[in-house]
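Colleague: Got a minute to go through this one with me? I'd like to pick at it piece by piece.

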Amino acid sequence: MATLMNLEIANLLRNIAAAYQILDENRFRIMAYERAGDSIEHATREMKDIWEDEKLSEVPGVGKTLAQHLDELFRTGRVKHFESVMKRVPEAVFPLLGVPGMGPKKAYKLVKALHLNRKDSAIDDLEKAAREHTIAPIEGFGEKSEHAILEGISAYRRGQIKGQRMSLPEADRIAREVIAHMKKNPDAEKIDTLGSLRRQVATIGDIDIAVATTNAQGVIEHFLRFPHKKIIEQGPSGASVILTNGRQVDVRVQEPRAYGAMLQYFTGSKHHNIALREYALGRGKSLSEHGVKDVKTGVVEQFRTEQEFYEELGLQYIAPELREDRGEIEAGLRKGLPKLVGFADIKGDLHVHTSYDLHPSHDLGVNTLEECLDKAAALGYEYIGISDHNPSVSNQSKEKIIDIMKRRKEYYEQKYYSWKERVKKRVHLFIMCEADVLTDGTIALPEKAFDFVDAVIASIHSAFRQERKTMTKRVLSGLGSHPKVCVFGHPTGRLLPTREGIELDWEEIFAFCKNRKIALEINAYPSRLDLPDTLVYDAVKAGLPCIINTDAHSVRQMDLLPYGVSVARRGWCTKRDIANTMEYNKFKDWLLRH
DNA sequence: GCCGTTTTCGGCCCGACTGTTTTCAGTCG
């Protein structure tokens with residue numbers, strides 16, 4: 001029987017919630033299913049594993065009833081109660097829910113009125129009906145909604161709305177352009193990013209920008225002069241447009257004296273805000289983007305800054321990266337929030353590829369050692385680690401590989417000393433290697449080749465789909481293959497937005513790494529951001545060090561390290577949790593400890 | 001259906017915008 005993954009379970013629960021909505025079930029029961037769905041989608045472990053550990057009801061939003069239903073799901077592959085609920089709703093409703101603007105109620109009305117009874121073609125059938133103008137006459141619909149449905153279907157087809165999210169650098173670039181445009185308006189007193197971009201989530205859906213102004217209308221009109229393809233929404237408090245590149249940008253405006261609450265509200269996350277509002281309600285306060293309302297008196301207090309807003313609630317200021325409802329409110333209440341690591345704390349980058357050709361298994365870098373050293377000096381680093389890929393094992397003998405590694409070390413040492421003489425800068429060099437952990441768990445570097453490196457990053461670059469037990473054994477074998485293996489490189493191997501990470505027993509990996517003092521890499525490359533923030537959180541809680549590297553294949557990519565810092569911050573890391581915040585002597589002792 | 005600093009019963013986040021309506025339902029974030 002195929003096991004359902006978390007996302008599929010989440011969607012199943014959301015479909016039940018939608019069915020309940022159509023059936024006019026108790027709205028709190030509906031909310032409960034939606035919340036459980038969200039919670040499961042964002043869980044760090046597979047529900048299947050949690051079920052095996054008999055800890056389902058420890059998952060937030062999963063109580064006794066849902067735990068029982070999920071138990072039935074994992075035991076038998078189906079849930080009778082879910083099936084009986086779904087049976088009461090035409091099945092053609094469910095595919096329509098993927099269309100933007102289409103919720104359960106509208107979908108149900110359309111399915112009934114248009115007699116859509118085939119699930120597989122529901123969206124095609126709906127599109128046909130819209131084109132034939134049979135939707136507008138239906139009660140509750142009209143010309144505009146018929147048109148909106150066609151637009152929604154077309155967006156759904158492009159996968160634009162719920163599909164392709166942006167990388168952080170792309171989102172940053174668009175945000176910078178919009179902010180530069182907004183700055184030209186003298187009425188824009190303050191401008192900030194909002195939403196997932198401000199929280200530095202790994203992928204970004206759309207760009208949200210906040211503006212503090214006393215001239216809302218003027219600022220919104222100014223924003224609408226930014227080149228765009230289409231206006232989606234426009235009101236007194238903001239506007240949304242689609243740019244020519246298909247990306248959506250929202251601008252929200254607020255008076256400077258109430259700007260703090262607005263910034264807080266639209267930064268989210270949704271889950272943080274819900275938790276915060278529940279917490280506030282317990283203290284007789286109701287929160288909105290306008291401020292904090294006293295429930296008894298109805299008086300709304302305004303705030304210029306977020307700091308004042310959180311202070312009013314008796315909380316420490318919560319950094320945007322922490323606002324994911326992972327315990328930050330409780331921590332803020334007992335003044336126990338971590339002092340987060342920052343880019344200024346980083347003393348070196350240990351995963352840089354050069355153009356030195358050692359006939360590697362994967363891509364060479366494009367810059368020379370000297371260019372990388374220059375860049376490290378420009379970034380103010382104390383040290384750099386050159387971690388080229390190991391020589392390819394498939395077409396070279398062990399002896400050849402050992403010889404290549406020996407000559408590489410000699411070459412780098414000679415170049416390094418002459419560089420140091422010439423530029424009079426103090427950047428220390430570690431000669432490292434990024435070695436593949438092969439399918440059978442051996443490391444792609446002969447024992448003797450380890451003599452010619454200071455340390456090794458072990459990474460998975462092949463056979464990503466091995467099953468969990470096999471993969472865990474493979475990784476443990478690779479990490480344990482030599483004492484000089486000090487870093488587990490881009491541990492999940494995920495590639496955003498498409499390739500899923502490998503399956504591992506993380507508890508086992510964490511325990512092993514802790515024991516061997518192996519650091520987990522936070523790979524800052526924007527399509528990796530790996531370890532992902534949620535696992536960083538778990539790793540740090542388990543007492544492991546992380547190390548933030550760029551995996552740069554060119555000196556320009558060495559600039560991307562701050563994205564790794566963002567991941568660390570989202571994982572609640574302080575300076576102490578990150579190995580490469582150590583000053584050179586301490587770091588050297590840690591890296592060369594074997 | 002979940003959950004606990006006021007609760008194992010009785011609460012449960014908040015508002016904007018749109019389109020179709022004459023006062024509101026649905027959807028979204």
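What follows is a short back-and-forth about this predicted model.

Colleague: Which element gives the largest share of the surface near DNA strand B?

Modeller: Several elements give two or more residues to that surface, among them α4 (64–76), α14 (270–281) and β8 (285–288). α2 (27–41) is on that list too. With five residues, the largest share comes from α2.

Colleague: How much of the DNA strand B atoms within 4 Å of the protein is sugar or phosphate?

Modeller: Take the phosphate oxygens to begin with: a backbone N or O atom of leucine 66 lies 3.2 Å from one, and a polar side-chain atom of serine 286 lies 2.9 Å from one. Bases do take part of the count, but the sugar or phosphate share is 75%.

Colleague: Which residue has a polar side-chain atom 2.4 Å from a phosphate oxygen of DNA strand B?

Modeller: Of the 43 residues around the strand, those that come nearest are Gly63, Gly103, Tyr265, Arg277 and Glu278. The side chain you're asking about belongs to glutamate 278.

Colleague: Over to the second largest pocket, then: how many of its lining residues are charged?

Modeller: Its volume is about 360 Å³, and of the 14 residues lining the pocket, the closest to its centre are Lys48, Asp49, Glu52, Arg468 and Glu503. Domain 1 (6–157) and domain 4 (346–432 + 464–471 + 494–510 + 522–591) each give at least three residues to the lining. Two lining residues are nonpolar and two polar, and the charged ones number ten.

Definitions and conventions: Residues are numbered from 1 along each chain as its sequence is written. Chains are lettered from A and ligands numbered from 1 in the order in which they are written. This is a predicted model: local features need pLDDT of at least 70, side-chain atom pairs count only at pLDDT 80 or more; totals for chains, interfaces and linings use all residues. Side-chain values use heavy atoms; hydrogens and water are left out. A residue is near a molecule or strand if one of its heavy atoms lies within 4 Å of it. A polar contact is a pair of N or O atoms within 3.5 Å; within protein, one must be able to donate a hydrogen and the other to accept it, and residues adjacent in sequence count only if both atoms are side-chain atoms. Helices (H or I, at least four residues) and strands (E, at least two) are DSSP runs, numbered from the N terminus. On a 1 Å grid over the protein atoms alone, a cavity is a set of points where a 1.4 Å probe fits but cannot get out, and a pocket is an open set with protein on both sides within 12 Å along at least five of seven lines; lining residues have an atom within 4 Å of a point. Grid points are joined across faces, edges and corners, and a volume is the space filled by probe spheres set on the points. Ala, Val, Leu, Ile, Met, Phe, Trp, Tyr, Cys and Pro count as nonpolar, Asp, Glu, Lys and Arg as charged, and the others, Gly among them, as polar. Domain bounds come from an automatic or database domain assignment.
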